[in-house]
Every structure is written in structure tokens, then in C-alpha cells.
Amino acid sequence: MVKMSSLQAKDVVNVADGKRLGHIGDFEISLSTGKIESIVIPGEGKMLGFKRDSEIVIPWSQIVKIGSDVILIRKSDMLEKATAEEA
């Protein structure tokens with residue numbers, strides 16, 4: 001069994017582009033099933049309810065591997081979005 005606090009201490013990395021996204025700030029949990037639906041990585045900015053840039057919501061199904069110090073996810077739409085912004 002894994003504690004949520006231990007998950008929040010791990011880096012989240014997108015294997016589609018190798019980018020480090022940050023740490024988990026929150027979880028979205030289904031009230032009907034009690035299962036984690038997605039993880040939320042806060043955007044850059046101030047904390048404690050003050051201004052915060054967009055957050056990244058990653059569905060649980062996109063988690064590839066949870067390792068000892070990193071969580072690997074595959075979110076290819078982030079790669080497509082970054083490529084479109086660079087153009």
C-alpha cells in the first residue's frame with residue numbers, strides 16, 4: 001500500500017517528451033468508487049489560494065509507472081501543444 005504523502009514527494013515526468021512536470025499537489029477522487037481518477041500538478045505561481053497559473057490534470061490511466069522517486073506519465077497531448085506553441 002502507498003500513502004498519498006509519499007506520492008506527493010515524487011517528481012512527475014512525462015515520458016513522451018522527458019519533461020519534469022513537478023510534484024502532485026492534489027488528487028481527484030471518485031466519491032462513488034473511492035478510486036483516484038486523476039492527479040493534479042499545480043502551475044507556477046503563488047500558493048495557499050492566491051494567484052496560480054494553470055494546473056495540469058493527469059488522468060490515472062496515463063500513469064505508466066510509479067517508481068521509488070519518480071512517477072512516469074504518458075501525456076502526448078502536452079507534447080503536441082508545446083510543438084504548436086513553438087511554431
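In the predicted model, strands β6 and β7 are joined by a hairpin whose connection comprises 3 residues. Strand β6 spans residues 63-66 and strand β7 residues 70-73, and the two pair in the antiparallel sense over 3 bridges. Within this pairing, K65 has L72 of β7 as its bridge partner.

Residue I66 also belongs to strand β6. With a relative accessible area of 34%, I66 is classed as partly exposed, because this value falls between the limits of 20% for buried and 50% for exposed residues. When residues up to four places away in sequence are set aside, I66 touches L7, K10, W60 and I71. A further relation across the sequence links I66 with V12: although 54 residues separate the two along the chain, their C-alpha atoms lie 9.2 Å apart in space.

A second hairpin is formed by strands β3 and β4, with 6 residues between them. Here β3 covers residues 26-29 and β4 residues 36-41, and the strands pair in the antiparallel sense over 4 bridges. D26 stands opposite V40 of β4 in this arrangement. In the turn of the hairpin, G34 adopts a positive phi of about 80°.

The loop between β3 and β4 also contains S30. This residue has a relative accessible area of 15% and is therefore classed as buried, the cut-off for that class being under 20%. Apart from neighbours within four places in sequence, S30 is in contact with K35 and E37. Of these contact partners, E37 falls within the residue range of β4, which is 36-41.

The β3-β4 hairpin is part of an open sheet of 3 strands, arranged in the order β3-β4-β5 with antiparallel pairing. The edge strands of this sheet are β3 and β5, the latter comprising residues 56-59, and each of them pairs on one side only. From one strand to the next, the twist averages 25°. The pairing of β4 with β5 is antiparallel and extends over 4 bridges, and in it I41 is placed opposite I56 of β5. Strand β4 thus contributes V40 opposite D26 and I41 opposite I56. In a regular strand, the side chains alternate between the two faces of the sheet.

How values were computed
Residues are numbered from 1 along each chain as its sequence is written. This is a predicted model: local features need pLDDT of at least 70, side-chain atom pairs count only at pLDDT 80 or more; totals for chains, interfaces and linings use all residues. Side-chain values use heavy atoms; hydrogens and water are left out. Two strands pair if DSSP finds at least two bridges between them. Axes are lines fitted to C-alpha atoms, for helices over the stretch in contact, and angles run from 0 to 180 degrees between N-to-C directions. Buried means under 20% relative accessible area, exposed over 50%, partly exposed in between (1.4 Å probe, protein chains only). Contact means heavy atoms within 4.5 Å.
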